[in-house]
Amino acid sequence: MEDLAEKTELDQYAKFNHDFPPPSPRPRGLLIITDRTMDLFAPLVHEFTYQAMVHDLLPLVEADKIYYKSLESQPGMAQKGKEQEISEKDGIWVKYRHLHMKDLLDELVKDFDTFKKQNPEFANSDNPATINTIKDMLAGLPKYQEGKEAYSLHLSMTQDAMTVFQERRLADVASVEQSLATGLDEDYKKPKNLADQVIRLLDDDAIHFPDRLRLIIQYLLYRDGLLPMDISKLLAHARLPAQDSEVIYNLELLGAHITRVLKDSRPVAQYQFGKKEAPLSSANESGLSRFEPALKFVLEEFSRGTLDQSLFPFTKPHLDAAEGLMGQENVSQASLRSAKPTWARTRPSNTGPKQRIIVFMAGGATYSESRACYEASQYLDKDIYLSTTHMLTPSLYLRQVGDLSVDRRRLDLPADRPKPRAPDHLFEKDTPLPPPPPSSSKDTKVQPPTDDMRRMRMGDDGARSKAANGTSHDHRLPPLQSSSARGRLTKDREKDGEKKKKLHFFSSKK
């Protein structure tokens, strides 16, 4: 609601300020808002590009940063584990993460051959460049520490991913997945006997249980639903736990058709976006990578001006025909993998600003969709940005779909948590400080006790006699006399003294 209010304020501001937004030579931008229901196959199909493959198959530590624990081997020493960060600062990762794994292996070998030519230490090495020989040669090079760690990390991840690929027989799994997700076999014809192929894979002990669940879900999506009894038989045949059925039936909350009645006249759902056609040349086409996420077709159809507005209605007046079709001449009709990579293609440079397209995917985006945006930005000659709530891996997707039937109070969703507030002590009022004690510094001037001295009385004989008899005590001093009285008293005493001298009271003479 806050975003909608901000949009309304911006529209009102632009209405009365014709110079906002300021004029720009850049074509008008586009914001595409969609969600996970647009493509339910993308989080399930095995993607064999480098980034998607390592996130799917390897035990990465994903938090604020992404780490991979690789095994290092030194000559004469045992292997030890080391966590290494995978980030945008890694040039090898940024350069190769969207490459297909078979292309990545070739590129790493080529890079190492170039490295050998540039460093004479390797000039005499006749060993062929393989993953193991490259790792062994890099292990004994302390002076190439930075490059050694980067290459060792990616060589380890590549080798570990290919090991998992072979152990779990993902080539066989992916071959069936591609037919289920595209609706076409490797010859780009309607597939046959898919049910038998799925059953054979469910019987194979080498197929992991999460891969079996992914196969069953893709078969249900391909058939647009099955009889509930058939779903139970598939789960029992795959020896999957009962709680996995919740994952399957929760897909109905995302718009999937899971069940059918015995005589269901409902037609099989058609693909919202065109099926992939046979490429002009299949020399570089991988049979395990025929599936493309629906987001790729959305971007291409928008560029051509053929995007179905019933699926993606405009919230603002849509673009002019010429502006909407801008970049159509750059759309390649051939497959991405059947042609030379666009980053290596020589083409005239376009110095003008590119159109910006922002795609927001609610419910999580996959790494195959990230790769599709990257490739589309190259051959459509546009700046395409993918924004999402979070990045999905197949395991995370299955877990989150299963949580859709869990009591919301157990999920601890961020939206249900109490709003953070400042600590209570920040709102407490300060208690008043006690008055400071009287200063006892030496510089303080002592005031004479004038009031006490004024109340003092000189004691008379009667008072002293009473004190002597113990009948009365008066400790008060006699009152002070005035200066005139003291002067008369002094004169009287002097006269008495003179009389005594005359009478020789104090004389010692006789």
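This briefing describes the nonpolar cores and one helix pair of a predicted model. Local features require pLDDT of at least 70 and side-chain atom pairs pLDDT 80 or more, whereas totals for chains, interfaces and linings use all residues. Residues are numbered from 1 along each chain as its sequence is written, and side-chain values use heavy atoms, without hydrogens and water.

**Nonpolar cores**

- The largest nonpolar core (buried Ala, Val, Leu, Ile, Met, Phe, Trp, Tyr and Cys residues joined through side-chain atoms within 4.5 Å; buried means under 20% relative accessible area with a 1.4 Å probe, protein chains only) has 39 residues.
- At least two residues of this core come from each of α7 (170–182), α8 (194–203), α9 (209–223), α10 (228–237), α11 (244–250) and α15 (394–402), helices being DSSP runs of H or I, at least four residues long, numbered from the N terminus.
- The largest share, 7 residues, is supplied by α9.
- Another core, of 25 residues, lies apart from it and includes Phe48, Tyr50, Phe165 and Leu170.

**Leu251**

- Leu251 is among the residues with the most contacts inside the largest core.
- Leaving aside residues up to four places away in sequence, Leu251 touches Ile217, Ala256, Ile258, Tyr397 and Val401 (contact means heavy atoms within 4.5 Å).

**Packing of α7 and α8**

- The axes of α7 and α8, 11 Å apart, form an angle of about 150 degrees (lines fitted to C-alpha atoms over the stretch in contact, with angles from 0 to 180 degrees between N-to-C directions).
- The two helices, α7 and α8, are therefore roughly antiparallel, a class for angles over 145 degrees.
- Residues in the contact include Val173 and Val176 of α7 and Leu194 and Val198 of α8.

Key: Buried < 20%, exposed > 50% of the residue type's maximum accessible area, 1.4 Å probe, protein only. Parallel < 35°, antiparallel > 145°, perpendicular 65-115°, else oblique.
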